[in-house]
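Student: I have a new structure open and would like to learn how to read it. Could you walk me through some of its features?

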Amino acid sequence: MYHLTMPPLRAIVLPLAASVISSVAMLPLLRSDRLTERKLDNVAVVNLPASIKEEILKGIRSDQADRLAFTFASSYFWASFGSVTRYKQMLVVSIMAPNANAASYSEWPRAFSISLDKSRVVHTSTSGQATVTVRTGTYEKGAEPVQAHRFEYADPSRRLHIIWHAVADEMPMARGLELLPKIAASFRMTGDAGSQFAEMSDR
């Protein structure tokens, strides 16, 4: 008669525990809000949340003479039909012109057309020349309104403007406030945008 010999419980539990711990340690790397590098044409790079997908509206990057605007977004599939697209997130990074004035930094890029109903300012802060403003309100996702936030960052010293729409389910306000300075800090010029601004001003 044959007898099955079971391995000691310790031999089973320890490798399983190690596997679980390893999986948990990997979670931050798998999070959809981890930052990944994106190229802004051939003039700059910036790190954005992985949950924000491809660049859109490339044809209107240079529609305003005071900025080059790069638009990234993730949309709702079922709530977007016909000519209306509903966005989970939309983030526009603007490289501002050297002669952009205070009014330019307070304006939105034309690519950003998202509005919030019943919006109110819930956060403002300043660090050097950089200012951060956050509004919260409701966003019309078809017939179903959802809570959403709008984060705005402006820093004339770095010629940088960021505006970011995110529904609360995709990006809680506290997490967005944590990521926004990191996004801004990751921005760096890799080329010369002077010729593009010169061409825009000659139009």
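Tutor: Gladly! Let's begin with a pair of strands: β1 and β2 are joined by 6 bridges and pair in the antiparallel sense. As one example, Leu35 has Pro49 in β2 as its bridge partner. Keep in mind as we go that this is a predicted model.

Student: Which strands make up the sheet that holds β1 and β2, and in what order?

Tutor: The order is β1-β2-β10, so to read the sheet, look for the strands at its edges: β1 (35–40) and β10 (188–189) each have a single partner strand, which leaves one side of each without a neighbour in the sheet. The sheet is open, has 3 strands and is paired in the antiparallel sense.

Student: What lies across these strands?

Tutor: That is helix α3, which lies across β1, β2 and β10 and runs at about 160 degrees to β2.

Student: Where is Asp41, and what is its phi?

Tutor: Asp41 is in the loop between β1 and β2. Its phi is near 55 degrees, a positive value in a residue other than glycine. Asp41 counts as partly exposed, with 37% relative accessibility. Leaving aside neighbours within four places in sequence, Asp41 is in contact with Arg61, Phe70 and Gln196. Try also placing Thr190: Asp41 and Thr190 are 149 residues apart in sequence, while their C-alpha atoms are 9.7 Å apart in space.

Student: Where does Arg159 lie, and what is its phi?

Tutor: Go to the loop between β8 and β9, where Arg159 lies. Arg159 is not a glycine, yet it has a positive phi of about 55 degrees. At 27% relative accessibility, Arg159 counts as partly exposed.

Student: How many residues lie between the strands in the hairpin of β6 and β7?

Tutor: There are 2 residues between them, and Gly128 in this hairpin takes a positive phi near 65 degrees. Strand β6 (residues 117–127) runs antiparallel to β7, with 8 bridges joining the two. One bridge to look for is that of Ser125, whose partner in β7 is Val132.

Student: Now for the inside. What is the general idea behind a core?

Tutor: In soluble globular proteins, nonpolar side chains tend to be buried together. Here, the largest nonpolar core has 31 residues, and Leu40, Ile95 and Trp164 have the most contacts inside it. Several elements give two or more residues to this core, among them β2 (44–49), β5 (87–96), β8 (144–155) and α4 (194–201). There is also a second, separate core of 15 residues, including Met90, Val92, Leu116 and Val146.

Student: Which residues is Ile95 in contact with?

Tutor: Leaving aside neighbours within four places in sequence, the contacts of Ile95 include Leu40, Val43, Ala44, Leu68, Phe70, Met189 and Phe197. Arg159, which we met in its loop between β8 and β9, is also one of the residues in contact with Ile95.

Student: How should I read a pair of aromatic rings?

Tutor: A pair of aromatic rings is described by the distance of the centres and the angle of the planes. This structure holds 2 aromatic pairs. The ring centres of Trp108 and Phe112 are 5.3 Å apart and the planes stand at 85 degrees, so this pair is edge-to-face. Trp108 is partly exposed at 33% relative accessibility, whereas Phe112 is buried, with a relative accessible area of 4%.

Student: What about Phe151 and Trp164: what is the angle between their planes?

Tutor: The angle is 35 degrees and the centres are 4.9 Å apart, a pair described as tilted. Phe151 lies in strand β8 and Trp164 in strand β9, so the pair ties together parts that are 13 residues apart in sequence. Phe151 counts as buried, at 0% relative accessibility, and Trp164 is also buried, at 0%.

Student: One last thing. Which elements have the lowest and the highest mean pLDDT?

Tutor: Among the elements of the chain, helix α1 (residues 9–30) has the lowest mean pLDDT, 45, and β9 has the highest, 98. Over residues 16–30, pLDDT stays under 50, and the model has 2 contacts beyond four places in sequence for that stretch. For the chain, the mean pLDDT is 84, and 80% of the residues reach 70 or more.

Technical notes: Residues are numbered from 1 along each chain as its sequence is written. Side-chain values use heavy atoms; hydrogens and water are left out. A nonpolar core is a set of buried Ala, Val, Leu, Ile, Met, Phe, Trp, Tyr and Cys residues joined through side-chain atoms within 4.5 Å. Buried means under 20% relative accessible area, exposed over 50%, partly exposed in between (1.4 Å probe, protein chains only). Helices (H or I, at least four residues) and strands (E, at least two) are DSSP runs, numbered from the N terminus. Contact means heavy atoms within 4.5 Å. pLDDT is the predictor's confidence in each residue, from 0 to 100. Two strands pair if DSSP finds at least two bridges between them. Axes are lines fitted to C-alpha atoms, for helices over the stretch in contact, and angles run from 0 to 180 degrees between N-to-C directions. Rings of Phe, Tyr and Trp (its six-membered ring) pair if their centres lie within 6.5 Å; planes under 30 degrees apart count as stacked, over 60 as edge-to-face and the rest as tilted.
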